[in-house]
Amino acid sequence: MKRKFLSHKKLTLLSSLLILSSIISGCSNSSTNTSKNINLKSILAKNESTDELYKAAKKEGKVVIYSTSGRAKDAKKSFEKKYPGIKVEVSVLKSDELMNKVTKEQDASMFNADVIITKEVSGAVKNQMVDKGRYLRYLPSDIAANVDEPFKTQSEGYASYLEFRTLFYNTDDFKEAPVKNWWDLTTPEWKGKVYTADPLSNPAFMDLFSTMVINSDDMAKAYKEKFGKDIVLHGTENAGYEFIKELYNNGLVVLKGSDDALDAINKKGKNAVAIAVSGDMSKIEEKSWHVSPIYDIQPKTSVPDPGYVFVAKNAPHSSAAMLYLRWIMGETDGKAKGVDAFNAVGAWIPRKDVKSKNPLNYSDLNLWNFDGDKLYKTSPKVRDFWIGLK
């Protein structure tokens, strides 16, 4: 009996030790996977000076950037000249491809990226990447002092630049903007004369329509301003959906991309308009387009399409990442040459101390706020609604 008891006791002790070892091991692994991230968050909050960052960055030797914009490559040249000893590696991908790549790498404990520059995808960047700690917000306090809201404190991240979707018209056909209200486009005058990029292939175009659904009260008010009576819904949920339906049924011409839409209205005599990206304004002279954007449409011109910047989770070259981001943000005074790659016609820098190359400053634009959470919930419904119109 005694031997049996001792054997059972040893077995119990051994089992307890194994369980304890497993728990400790699990905690250790969890700590290993998250400690860098926790430390990185504290590092990002330190607001180290440029000199301190450069000293540490030279030891790291490089910075790896995943970007949806080729502008990151333009900033690479000026950065490497300003900070010799640090090599910039840039991979350009679409927003959804970038999310997938980072997710797969991080889940496999492969932390390759340092800097993320990305457009939103109907709120998926916020909900799937920022909220889950894969992309980390970074905005030093000395730079934040001159940043416009919501990018200073109210958004998921700082935007190195932003664009938006708006209407363009042919300047040979019209001496001034022919559209004042989005509901104008649902009238017989514009039947078959409105072009757009396919929102099923271009998330930012779908975000514009989804934002109209989210802000349906504004769309209802604009309807009354246009037609002098309250809107009557025809089997739709609200005024945003009703606008999409009426626009589509008024002969909306859906093309592959923004360039295609602008090229289509460039021919004199079409008397047409196109929903296109503001960033295409930089191509107008290059492509000899006779088109011009409309900056003010009721109830709102558009919704911003920000190019957010983040430090990636467990970034292996975190000091170089912060140094590069400070560079493209324009540094404390907004004059660092890195900002020049993003400050262009058709794009806006949300900083009070950076002069815009556009006729209107960012703060003067008539835009809805970008709401990533609402877009994340609403866009799938709007997408299904759009598909159902076909």
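Where is the place of P299? In this predicted model, P299 lies in the loop between β9 (291–293) and β10 (304–312). The peptide bond that joins Q298 to P299 is cis, with omega at about 5 degrees. This report returns to such backbone features after describing the strands, the cores and a pair of helices.

## Strands β8 and β1

Strand β8 covers residues 273–277, and five of its five residues are buried, so the strand is mostly covered. In a regular strand the side chains alternate between the two faces of the sheet. In β8, V273, I275 and V277 point one way, while A274 and A276 point the other way. The residues of both groups are buried.

Strand β8 has two pairing partners to consider here. Strand β5 (residues 158–170) pairs with β8 in the antiparallel sense, over five bridges. Strand β6 (residues 194–197) runs parallel to β8, and three bridges join the two. A274 appears in both pairings: F168 stands opposite A274, and A274 is also the bridge partner of Y195.

Strand β1 is likewise largely enclosed by the rest of the structure, because five of its six residues are buried. Strand β1 runs parallel to strand β2 (residues 87–92), and six bridges join them. Within this pairing, I65 has V90 of β2 as its bridge partner.

## From β1 to helix α3

The loop between β1 (62–67) and α3 (71–82) contains S69. Is S69 buried or exposed? With a relative accessible area of 7%, S69 is buried, since the limit for that class is under 20%. Apart from neighbours within four places in sequence, S69 is in contact with V92 and Y161.

R71 belongs to helix α3. R71 also counts as buried, at 17% relative accessibility. Its contacts, again leaving aside neighbours within four places in sequence, are Y161, E163, A341, F342, A344 and A347. Y161 is thus a contact of S69 and of R71. By C-alpha positions, R71 and V102 are 20 Å apart in space, and 31 residues separate them in sequence.

## The nonpolar cores

In soluble globular proteins, nonpolar side chains tend to be buried together. The largest nonpolar core of this model has 85 residues, and Y135 and Y324 have the most contacts inside it. Helix α12 (residues 318–329) supplies the largest share of this core, nine residues. Another core, of 35 residues, lies apart from it and includes Y223, L252, I294 and W368.

Which residues does Y135 touch, not counting residues up to four places away in sequence? They are L98, M99, V102, I116, T118, V125, M129, V130, F310 and V311.

## A pair of packed helices

Two packed helices are described by the angle between their axes and the distance between the axes. Helix α8 (residues 216–227) packs against helix α9 (residues 239–249) at an angle of about 60 degrees, and their axes are 7 Å apart. The two helices are therefore oblique to each other. On the α8 side, the contact is made by S216, M219 and A220, and on the α9 side by A239, G240 and F243. Of the residues in this contact, four are nonpolar, two are polar and none is charged.

## Less common backbone values

Most residues other than glycine have a negative phi, and most peptide bonds are trans. The table lists places in the model that depart from these patterns.

| Place | Feature | Value |
|---|---|---|
| E149 to P150 | cis peptide bond | omega near 10 degrees |
| Q298 to P299 | cis peptide bond | omega about 5 degrees |
| N271 | positive phi | phi near 50 degrees |
| E331 | positive phi | phi near 60 degrees |

These places can be located in the chain as follows. P150 lies in the loop between α6 (141–144) and β5. N271 is in the loop between α10 (258–265) and β8, and E331 is in the loop between α12 and α13 (372–389).

How do the two residues with positive phi fall into the classes of accessibility? N271 counts as partly exposed, at 31% relative accessibility. E331, in contrast, is buried, with a relative accessible area of 11%.

Conventions:
Residues numbered from 1 in each chain as written. Predicted model: local features only at pLDDT ≥ 70, side-chain atom pairs only at ≥ 80, totals over all residues. Heavy atoms only, no water. Buried < 20%, exposed > 50% of the residue type's maximum accessible area, 1.4 Å probe, protein only. Helix = DSSP H or I, 4+ residues; strand = E, 2+ residues; numbered from the N terminus. Pairing = 2+ DSSP bridges. Core = buried A, V, L, I, M, F, W, Y, C linked by side-chain atoms within 4.5 Å. Contact = heavy atoms within 4.5 Å. Axes fitted to C-alpha atoms, helices over the stretch in contact; angles between N-to-C directions. Parallel < 35°, antiparallel > 145°, perpendicular 65-115°, else oblique. Nonpolar A, V, L, I, M, F, W, Y, C, P; charged D, E, K, R; others polar.
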